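Please read this report alongside the sequence and the three-dimensional view. The display comes first, and the description follows it.

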There are 2 protein chains.
Amino acid sequence: MTERTLIFPAQEYRDRVALLQAGMDAQGLRALLLTTPADIFYTTGFLTRFWESPARPWFVIVPQVGDPVAVIPSIGADLMGRTWLHDIRTWDAPDPRDDGISLLADTLAEAVPAQGRIGLPMGLETHLRMPLADFDTLRKRLAPRGFVDATACLQRVREVKSEAEIDKIRASCTIAGRAFARVPEFARAGRPLAEVFRDFQIALLEEGADWVSYLAGGAGADGYGDVISPAGPQPLQRGNVLMLDTGAVKDGYFCDFDRNFAIGPASDTARRAYAALRQATEGALAALRSGLRACDLHAMLCAGLEKRGATPSGGRLGHGLGLTLTEWPSFTPLDETPLRAGMVLTLEPGCITGTGRIMVHEENIVLREDGAELLSPRAPADLPEIPA
Amino acid sequence: MTERTLIFPAQEYRDRVALLQAGMDAQGLRALLLTTPADIFYTTGFLTRFWESPARPWFVIVPQVGDPVAVIPSIGADLMGRTWLHDIRTWDAPDPRDDGISLLADTLAEAVPAQGRIGLPMGLETHLRMPLADFDTLRKRLAPRGFVDATACLQRVREVKSEAEIDKIRASCTIAGRAFARVPEFARAGRPLAEVFRDFQIALLEEGADWVSYLAGGAGADGYGDVISPAGPQPLQRGNVLMLDTGAVKDGYFCDFDRNFAIGPASDTARRAYAALRQATEGALAALRSGLRACDLHAMLCAGLEKRGATPSGGRLGHGLGLTLTEWPSFTPLDETPLRAGMVLTLEPGCITGTGRIMVHEENIVLREDGAELLSPRAPADLPEIPA
């Protein structure tokens, strides 16, 4: 029988829950209601790719005192039973009459007095993973108990990674680094981009990824149109810049970084853009300190690009990383989140290289009190060229 | 530059939208608001793995008349611009002050008169992929316009696949079938389950999958504890039954089926259970007709198992399939959805083989007027044995 042990000792999860409960106390919350894969994995260790099925909702309740309670479809009872939780309540889902809502309402009513408040992530970068009509029913069933936004309560805890978590993200980065080193084995002029994407995913698995949750990229003269596209059938051409950006997963933790390659000799435009991106990153790596804000890092990366004659692309220039491909904060002019030691972050400057054309460059780091520690193997100093 | 062409001709999407608009008319809806990867892929052809990032919401509005309008983060403008849509409105996300909500409210207000109703999937198997607090803001901004449940409106259209879609799902099933045929190359006693999972994903990619969104499975004497677990480090043992269940993706369309293998000679229990599962499936394949209900198929599979001395496991015994790993309807005693020609379905009987131990068996089919047409290559008649 498959005996999946927890990825971390139970104490790791107890520590997380204690931190959440301290935040709940500060906000006067009697319970947290969690519904997403990352929040549930974070508090329980429950790891499955079955989230890919949208059929069933899953709930974890963090009470003000004591261990979390899982209210889940019975199909997950065996796997949840192999985590550190002991109070696991199940129903046969999907049930069109009552898909766990009575069980959830009863469990929340036990944990929360009639005048109590229940925290739920409702803010930026969150969503509620359950049917909206069922949430309306739940809200009415639990009144006068009220639901309030607990986004910050979750984020302030999750955004600072433990050393155990940092080791896991470093492991994912190391795997992706080895796979990127093998790109010259299979990327060459004439090969369809779809085949390059396929071979890169195989390389990630061979190098130790449990699975590959994300791969995007592009190829074109002096850059690419965007950074979120899947591969098309078109072949790589001499003179292209190829970019691959991956979120490979090991033990539930993501890396998220990209690499660029010139197919044949790189153009001056591509070489200059690459150098500007790399040097702007180098500057930010040297200057990063806990105590800066997310928007400060954005400004730093933009200034670094402009100093080298490059035009920053719009959008965010990096973000948090860990249990999902991207986490808060966002390196934009608007995000004033303080950067704290223990945050795992991506630095992701992008610059415009032509009409509708950009290049991007990305590294993963953990922020320490005194500066950045790289988790991804640093990209080469010069744009690597693959003989065409 | 990466020129991603649409997977289907634009007419395919126009036909889908026309069907949705007919359903909207019947329900008196002036617009549909769509937020999930599958609903947006279905109506626009927009395919990206960037949904893996929870940072940004994405919106598509289907008006009562005319083509859909995309209201999306600017990072997606290039890729959405390569679909058939022409009205694409963007904002710089994530924006903590207003993450697209004003733009979305204005766009909906153009499409929907003040007394009009906006459809939103709110029912079973749905969720709203945007921050709940932003939805509350949107609801207030658009009042007196009201949001009503449009789950059925979407499901009655999406659940009947076009021939073009059926071809795509068949292609995914064929890829997975070739990969399953190679399992004896890498599954043997002494190999850790994690390595078998890794090699199987590599085989899926080598056989043509664009990516592998789902893999679960288990191994044990006479069966496994559940069907949703990732691999652990434990080695396969002589006498195990190994089960692998995959959702591999080609051109955005999923397969979803499993296969069982005995490591060394199979026990009588495992052989008998396998035969009962396969024969119950055979009976359902022969008896399936459009016009039956989902619950009828559940009853048929249970009766087929019991007739052969097997005890059906709880939970659903199959479901819809296509743009996500699982879709409605569900083969449970409670789901009365009529089965219609063009539905792509999984038949997935499970039976109890011991304490906390089950075996499952799964095939993918398309329902035709006169019966089931297999999309997955039929599982072997007898439980295949891999020499230990």
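The text below treats the overall form, the relation of the two chains, their contact and some local features.

This is a predicted model, in which local features need pLDDT of at least 70 and side-chain atom pairs count only at pLDDT 80 or more, while totals for chains, interfaces and linings use all residues. Residues are numbered from 1 along each chain as its sequence is written, and chains are lettered from A, with ligands numbered from 1, in the order in which they are written.

**Overall form**

Chain A has 11 helices and 19 strands; these are DSSP runs numbered from the N terminus, helices being H or I of at least four residues and strands E of at least two. The radius of gyration of chain A is 23 Å, close to the 21 Å of the globule rule for 388 residues, so chain A is as compact as a globular protein of that length. That radius is taken over C-alpha atoms, and the globule rule is 2.2 Å times the number of residues to the power 0.38. Along the principal axes, the C-alpha atoms of chain A fill a box of roughly 70 × 45 × 35 Å. Of the 388 residues of chain A, 57% count as buried. A residue is buried if 20 or more other C-beta atoms, placed from the backbone, lie within 10 Å of its own, exposed if 12 or fewer, and partly exposed in between.

**Relation and contact of the chains**

A turn of 180 degrees with a shift of 0.0 Å along the axis lays chain A on chain B with an RMSD of 0.0 Å. That is the relation of a two-fold axis. The superposition is by least squares on the C-alpha atoms of residues with pLDDT of at least 70 in both copies. In chain A, the residue that comes closest to the rotation axis is A:I202, at 2.7 Å (C-alpha).

The contact takes 72 residues from chain A and 72 residues from chain B; two residues are in contact if their C-beta atoms, placed from the backbone, lie within 7 Å. On the side of chain A that touches chain B, the elements that give two or more residues are helix 3 (77-80), helix 5 (132-142), helix 9 (193-206) and strand 7 (211-221) of chain A. Strand 7 of chain A gives the most, with 9 residues.

**Local features**

Two residues of chain A that are not glycines have a positive phi, as tabulated here.

| Residue | Phi | C-beta neighbours within 10 Å |
|---|---|---|
| A:E125 | about 70 degrees | 25 neighbours |
| A:D222 | about 60 degrees | 21 neighbours |

A:E125 lies in the loop between strand 5 (117-120) and helix 5 of chain A, and A:D222 is found in the loop between strand 7 and strand 8 (240-250) of chain A.

In chain B, a cis peptide bond with omega of about 10 degrees joins B:A143 and B:P144. B:P144 lies in the loop between helix 5 (132-142) and strand 6 (146-149) of chain B. The peptide bond from B:W328 to B:P329 is also cis, with omega near -10 degrees, and B:P329 is found in strand 13 of chain B.

Strand 13 (residues 327-330) of chain B pairs with strand 12 (residues 318-320) of chain B in the antiparallel sense over 2 bridges; pairing requires that DSSP find at least two bridges between the strands. The two strands of chain B form a hairpin with 6 residues between them.
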